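Trainee: Could you take me closely through one helix of this model, and then set it beside a few other places in the chain?

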Amino acid sequence: MKFLFLFIAVSLTMNAFSQEKPNVILICADDLGYGDLSCYGATKIHTPNLDRLASTGLRLTNGHSTSATCTPSRYAMMTGNYPWRKKGTGILPGDAALIIPTGQKNLPLVFKGAGYATGIIGKWHLGLGTQVEKDWNNEIKPGPNEVGFDYSFIFPATADRVPTVFLQNHSVVALDKNDPIAVDYKHKIGTDPTGKEHPELLKMKSSPGQGHDNTIVNGIGRIGYMSGGHMARWVDEELSYTFLSQAQGFIEEHKTKPFFLYLALTEPHVPRMPGTQFKDKSGLGARGDAILQMDWVVGEVMKQVQALGLAKNTLIIFTSDNGPVLDDGYQDEAVPRLNGHTPAGLLRGGKYSALEGGTRMPFIVNWPARIKPGVSNALVSQIDLVRSMSVLLGQQLPATLASDSEDMLAALLGKDKSGRRTLVLQGGPLSVISEDWKYITPGAGPAYDKLVGIETGNSPSAQLYHLKNDVAEKDNLAEKYPEKVKELAALLERIKNQVNH
Ligand code: NG6
Ligand code: CA
């Protein structure tokens, strides 16, 4: 009898404790812009599921990625370190080695330390193995499993880069030993046709001058060459269904204990090849269709969480890795069928850009148990997730680790409406935000990238904007406030010179 009471008492306490810990699902879209969701003002496209996530949670209007491209943004989100402090954190080819340090506390390890089951499903783009030359036909390590994920189901880089295969934990899925995979980014290998030699075989043409004309997989020219692995090659139209069913499997398997799922969606990155049910549905061409598909995937995950009775204590964070781009390598009608849609909303610039369109992201935080619905202008960055989650879960994270990551838990829960005082952003040139002012360092390079049709933010002279009054960065105040320029330039230098990295 005594034992029974003790057992009940212990399990009640354990239960109360585990209920404190929310499940966390971090959903990161790929190249989704600030203006791409109807809850962020889009009128030409409707994203009902994300709108619901926003209206029942906190919609941040000043949430950022650290960088205007994928690899550096995701590096920062995982490590809590600014990517520009480390060489080799730019857009990685599909055969790159792992760039996340192993054995160093990072986002998934914060969760693991708190007893969570951790998983990543979707786009990785942070490198695999110890070197470029690797055998894709054997176990590939280190990768996501070596930096804190118990389970991984990923593709290595981007949907437009070889190898176009999934990896489950350490191995390529559906690999046929008699048809081994080889990958090369410098020279053509194998006998598969390339987009350059056989454009007539393409179901979607590459954009002139943007490459994407190497090995053809599923009728689409890719960046890089691959041979073999024909059975393992994905079908683009199935990518999101595969990731969704993987995510559902992971959630189902871990429904009784706290889990952390990083769901890294591929939409609306190129090549945009949504499933048939979304084709031509948006009226905006493949990019709009891909956004509808992405919204549907998020809705399916929300439905499952609800059906399992987990909704109240599940923290869902939705964001994107960098700003939007229309023509990023394929002629998929994103430009001619835009129909007045503004992917970056009111913001200037987009992917690759130092202007706000490059890094100001949709950023939704939903946790019914702890967050009251609302909108917040607090300045936060994805780089802050590491420290904020460590505070939430009572995990020690010394200041010397993840040292660019600030505790923004109160801002993420909607309790603090101001957030960071300063934040460094990386487009081409670096910029720094400090109390509503933004300073963009002068630099070389064209002001407009003609290939992708985006303002880069490059200028030979300093730029200073007052974001609160001028979020569209139209009015350069650098000449009017030279002291402010000096102050922010000095601040940026100080941050750049901080040690502990
Ligand atoms: C660029 C590719 C672009 C895209 C991007 C990565 C060219 C000309 N363009 O280099 O198509 O793949 O890399 O996108 O090669 S990201 O979202 O992963 O950063
Ligand atoms: Ca991206």
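Mentor: Buried is used here for a residue under 20% relative accessible area and exposed for one over 50%, with partly exposed in between. The model is predicted, and the part I would look at closely is helix α10, which takes in residues 482–497. With 16 residues at 1.5 Å a residue, α10 should span 22 Å, and its end C-alpha atoms are 23 Å apart, which agrees with that expectation.

Which residues of α10 are buried? They are V485, L488, L491, L492 and I495. Around the axis they cover an arc of only 130°, which means that they sit on the same side of α10. The general geometry of such a helix is in keeping with this: an α-helix has 3.6 residues a turn, so residues three or four places apart point the same way. On the face turned away from the buried side, α10 carries the exposed residues E483, K486, R494 and N497.

Two threonines in loops can be set beside the helix. T194 is found in the loop between β7 (182–184) and β8 (216–217), and T194 counts as buried because its relative accessible area is 3%, which is under the 20% limit. The side chain of T194 also reaches the backbone nitrogen of E197, at 3.2 Å. T102, in turn, belongs to the loop between α3 (70–79) and α4 (107–113), and with a relative accessible area of 45% T102 is partly exposed. From C-alpha to C-alpha, T102 and G288 are 38 Å apart in space, and 186 residues separate them in sequence.

The last place to visit is the surroundings of ligand 1, where there are 18 residues, of which C70, D160, R161, D328 and K351 come nearest. By class, this shell is made up of 4 nonpolar, 7 polar and 7 charged residues. Oxygen atoms of ligand 1 have partners in both side chains and backbone: an N or O atom in the side chain of D31 is 3.0 Å from an oxygen atom of the ligand, a polar side-chain atom of H269 is likewise 3.0 Å from an oxygen atom of ligand 1, and for C70 a backbone N or O atom lies 2.9 Å from an oxygen atom of ligand 1. Of the 450 Å² of accessible area that ligand 1 has on its own, the protein covers 84%.

Technical notes
Residues are numbered from 1 along each chain as its sequence is written. Chains are lettered from A and ligands numbered from 1 in the order in which they are written. This is a predicted model: local features need pLDDT of at least 70, side-chain atom pairs count only at pLDDT 80 or more; totals for chains, interfaces and linings use all residues. Side-chain values use heavy atoms; hydrogens and water are left out. A residue is near a molecule or strand if one of its heavy atoms lies within 4 Å of it. A polar contact is a pair of N or O atoms within 3.5 Å; within protein, one must be able to donate a hydrogen and the other to accept it, and residues adjacent in sequence count only if both atoms are side-chain atoms. Accessible areas come from the Shrake-Rupley method with a 1.4 Å probe; for residues, only the protein chains shown count as cover. Ala, Val, Leu, Ile, Met, Phe, Trp, Tyr, Cys and Pro count as nonpolar, Asp, Glu, Lys and Arg as charged, and the others, Gly among them, as polar. Helices (H or I, at least four residues) and strands (E, at least two) are DSSP runs, numbered from the N terminus. The expected span of a helix is 1.5 Å times one less than its number of residues. Buried means under 20% relative accessible area, exposed over 50%, partly exposed in between (1.4 Å probe, protein chains only). The arc is that of the directions from the helix axis to the C-beta atoms.
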